[in-house]
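Thanks for making time this morning. I would like to walk you through two parts of one structure, a helix and then a sheet, so please have a look at it before I go on.

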Amino acid sequence: MSIISKAAIGTGNGNFIIDTIEVGEPLADEVLVKVKAAGLCHTDHDSLNWGKSIVLGHEGAGIVEKVGNEVTHLKPGDKVILNWATPCKTCFQCQDGNQHICETNSPVTAGGNGYTPGHAHLEGTKYEGEAIERSFNIGTIAEYTLVKASACVKLDSDMPMSSASIISCGVMTGYGSVVNTAKLQAGTSAVVLGTGGVGLNVIQGARISGAAKIIAVDINPERLEMAMQFGATHTILAEKDDIGLMKASELVKEMTDGRGADYAFECTAIPALGAAPLAMVRNAGTAIQVSGIEEEITIDMRLFEWDKVYINPLYGGARPEIDFPKLVNLYNKGDLMLDQMITRTYPLEKLGQAFDDMLAGKNAKGVIVFE
């Protein structure tokens, strides 16, 4: 029996509407989830221009409503965090430990942000009588979502669902880039370029990993104050006309015995800053391009001198079944700050305002909540 659900629907031409969709019964390996909260990030706004109609949203948490007859690890009433990187566990990358870049299911590496086998059956979600895709295979900005069982990680915590919802992309990306990708060592130094939602979680990952010096760089003084709250030990207020942040890089060197930081994380998504982390790290240091710049840029190869490593990870190397419970445990212990990261919550009808606030840099994280 189908459910009529309110949802945010991207029209493909830069706009969205709030309307109703029809959500069907789960098939054998699927789960129907009543969404309680959906985090917002810039990718959600980017998805408005993908040239097709989609149910928006790729961060979320909710409560299991129904499960397919082959689903044994979940039952109705279970709380879950929704995950867009659903591993098939049999392809080359999954077998090699890279579940986040699954060659079969990933909407990024297998589907180009399109429909893949990691998506619940397409006819299970309809808009105006026609099947409609869910963004990143999960479409969380809706009252109900139909997903593969592999998209659900059970939540064993009394944490607010709004806080749980942001784990599934922004928190995982930032924290995982530090812990899984860079494998930051205790006692080292790190510089973080951009202190939005992802950057703050890079800062948290560095703090939790025991970094001795965490330098936050931003053009917004209010964001730098927030960065200190989340674990930054030093801040640099960058100048808007500092090309490639070269002036800021000299300040970083002054703070790190003239060498540069051991690690530098780029979290701005500004193409002109794609090479900036290379200027921030010492010889044999590691630069991590966290924000996912996907366009051609020019890099002065002298920035690689000498022995520097540049990594462009996806989703912080997430292994959701392993990493999400770790993040929840860190939250329960008081080490991972999530409640404090949510600047504002919005009802579905205020999605436009939420996007505007995000683009204006007003929020560390905005979250759509469903009653």
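Helix H4, which covers residues 170-182 in this predicted model, has 13 residues and reaches 17 Å from its first C-alpha to its last, close to the 18 Å expected at 1.5 Å a residue. Even so, if you follow the helix along, you will find that H4 bends by about 50° at Gly-176.

Is H4 mostly covered or mostly uncovered? It is mostly covered, since 12 of the 13 residues in H4 are buried, and among them are Val-171, Met-172, Tyr-175 and Val-178, together with Gly-176, the residue I just mentioned. As for what surrounds them, the buried residues of H4 pack against two helices, H5 (197-208) and H9 (320-333), and against the strands S15 (261-266), S16 (281-289) and S17 (309-311). Just after H4 the chain comes to Lys-183, which takes a positive phi of about 55°.

Let me turn now to the sheet. Six strands form an open sheet with mixed pairing, and their order is S8-S7-S2-S1-S4-S9. Strand S8 (130-131) and strand S9 (133-134) stand at the edges, and each has a single partner strand, so one side of each is left without a neighbour in the sheet.

Which strand does S4 join through two bridges? Strand S4, residues 54-55, is joined in this way to S9, and the two run parallel; within that pairing, Ile-54 has Glu-133 of S9 as its bridge partner.

Notes
Residues are numbered from 1 along each chain as its sequence is written. This is a predicted model: local features need pLDDT of at least 70, side-chain atom pairs count only at pLDDT 80 or more; totals for chains, interfaces and linings use all residues. Side-chain values use heavy atoms; hydrogens and water are left out. Helices (H or I, at least four residues) and strands (E, at least two) are DSSP runs, numbered from the N terminus. The expected span of a helix is 1.5 Å times one less than its number of residues. The bend at a residue is the angle between axes fitted to the seven residues ending there and the seven starting there. Buried means under 20% relative accessible area, exposed over 50%, partly exposed in between (1.4 Å probe, protein chains only). Contact means heavy atoms within 4.5 Å. Two strands pair if DSSP finds at least two bridges between them.
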